[in-house]
Amino acid sequence: MMKPGLVLLSGLLSFAAVSGGRAQHSFRPEWAVGASGGVTFSSVGFSPKVQEDMLRGYLGGLTLRWITEKSLGLQVELNFKQQGWKENFDELDVPEDANYRFQRRMNYVELPFMTHIYFGGDRIRFFVNLGPQAGFLLGERTEENLNGATPQNINSQHTMPADKRFEWGIGGGPGLELRTPVGYFLLEGRYYYALSDFYNTRHQDVFSKASSQVISARLTWLVPFR
């Protein structure tokens with residue numbers, strides 16, 4: 001029930017924003033285009049559970065924003081994003097001198113389609129972006145020193161590449177925008193929850209769940225045009 005609930009929540013918020021925006025006085029639309037960059041902290045929701053820490057990665061891409069109504073707009077992005085997982089062996093029964101390390105870095109190109117809701121004046125604004133996004137796995141890389149050891153309760157992920165390249169989910173978060181004569185500068189935090197799994201999750205497969213979760217912080221520079 002969790003995944004349909006997230007989709008329904010996103011739809012209701014987007015509908016409420018659109019309805020509220022249309023009730024405002026007439027507003028001159030605004031287009032802006034620019035670039036963003038930032039850092040990601042990701043993990044994977046495995047079932048059965050795998051002991052993890054957050055994996056740090058990077059993101060960057062292009063942004064197109066259309067302010068359609070007062071306090072309301074649409075934002076489309078095309079990003080390169082790193083995500084994956086890093087395993088934590090500290091709480092496991094492993095030799096103290098083993099110093100095991102395992103992490104899987106997955107590189108995606110993603111396309112978020114966000115509802116942009118903002119509050120504030122002509123110089124400083126607070127905003128929330130929320131909406132669905134789709135991604136495609138370009139490649140993955142493993143860094144490890146296990147040398148065949150099996151310290152986790154489940155260790156199949158150490159040698160399993162992703163079964164599915166296409167990913168989709170929902171993301172959103174708050175931000176602050178500073179509007180200057182040389183463009184708009186946006187500082188934003190965002191949380192992404194994948195509603196799909198990158199491993200096969202049928203009854204006979206190793207995992208019944210393998211979905212990504214990503215927290216990101218990004219800085220965006222937008223230049224308005226008409």
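Begin with the lining of the largest cavity in this predicted model: its residues divide into 3 nonpolar, 2 polar and 4 charged. Select Leu59, Lys81, Glu110, Gln133, Arg190, Tyr192, Val214, Ser216 and Arg218 to display that lining. The space they surround has a volume of about 50 Å³. Colour strand S8 (183–194) and strand S9 (209–225) next, since each supplies at least two of the lining residues. The largest share, 3 residues, comes from S9.

The model holds 2 cavities of 30 Å³ or more. For the second largest, select Lys81, Gln83, Tyr108, Glu110, Gln133, Ala134, Gly135, Glu167 and Tyr192, which line this cavity. Strand S4 (72–87), S5 and S6 each give two or more residues to this lining, and S6 gives the most, with 3 residues. The volume of the second largest cavity is about 40 Å³. By class, its lining has 3 nonpolar, 3 polar and 3 charged residues.

Turn now to the largest pocket, which has a volume of about 220 Å³. Of the 15 residues that line this pocket, select Asn88, Phe89, Asp90, Asn99 and Tyr100, the closest to its centre. The whole lining comprises 7 nonpolar, 2 polar and 6 charged residues.

The next stop is the largest nonpolar core. In soluble globular proteins, nonpolar side chains tend to be buried together. Here the largest such core has 17 residues, and Phe46, Trp85, Met106, Phe198, Tyr199 and Phe207 touch the most other members. Strand S1 (30–47) and strand S5 (102–120) are the elements that give two or more residues to this core. The largest share, 3 residues, comes from S5.

Select Met106 and display its surroundings. Setting aside residues up to four places away in sequence, Met106 touches Lys81, Gln82, Gln83, Gly84, Trp85, Leu137, Gly139, Glu140, Ala162 and Phe198. Apart from the largest core lies another, of 7 residues, including Ala32, Ile67, Tyr118 and Tyr184.

Finish at Gln157, in the loop between strand S6 (124–144) and strand S7 (166–180). Is Gln157 buried or exposed? Gln157 is buried, because its relative accessible area is 0%, and the cut-off for a buried residue is under 20%. Which residues does Gln157 touch, not counting those up to four places away in sequence? Select Val50, Trp85, Glu87, Phe102, Arg104, Gln152, Tyr199 and Phe207 to display these contacts. Among them, Trp85, Tyr199 and Phe207 belong to the largest nonpolar core.

Methods
Residues are numbered from 1 along each chain as its sequence is written. This is a predicted model: local features need pLDDT of at least 70, side-chain atom pairs count only at pLDDT 80 or more; totals for chains, interfaces and linings use all residues. Side-chain values use heavy atoms; hydrogens and water are left out. On a 1 Å grid over the protein atoms alone, a cavity is a set of points where a 1.4 Å probe fits but cannot get out, and a pocket is an open set with protein on both sides within 12 Å along at least five of seven lines; lining residues have an atom within 4 Å of a point. Grid points are joined across faces, edges and corners, and a volume is the space filled by probe spheres set on the points. Ala, Val, Leu, Ile, Met, Phe, Trp, Tyr, Cys and Pro count as nonpolar, Asp, Glu, Lys and Arg as charged, and the others, Gly among them, as polar. Helices (H or I, at least four residues) and strands (E, at least two) are DSSP runs, numbered from the N terminus. Buried means under 20% relative accessible area, exposed over 50%, partly exposed in between (1.4 Å probe, protein chains only). Contact means heavy atoms within 4.5 Å. A nonpolar core is a set of buried Ala, Val, Leu, Ile, Met, Phe, Trp, Tyr and Cys residues joined through side-chain atoms within 4.5 Å.
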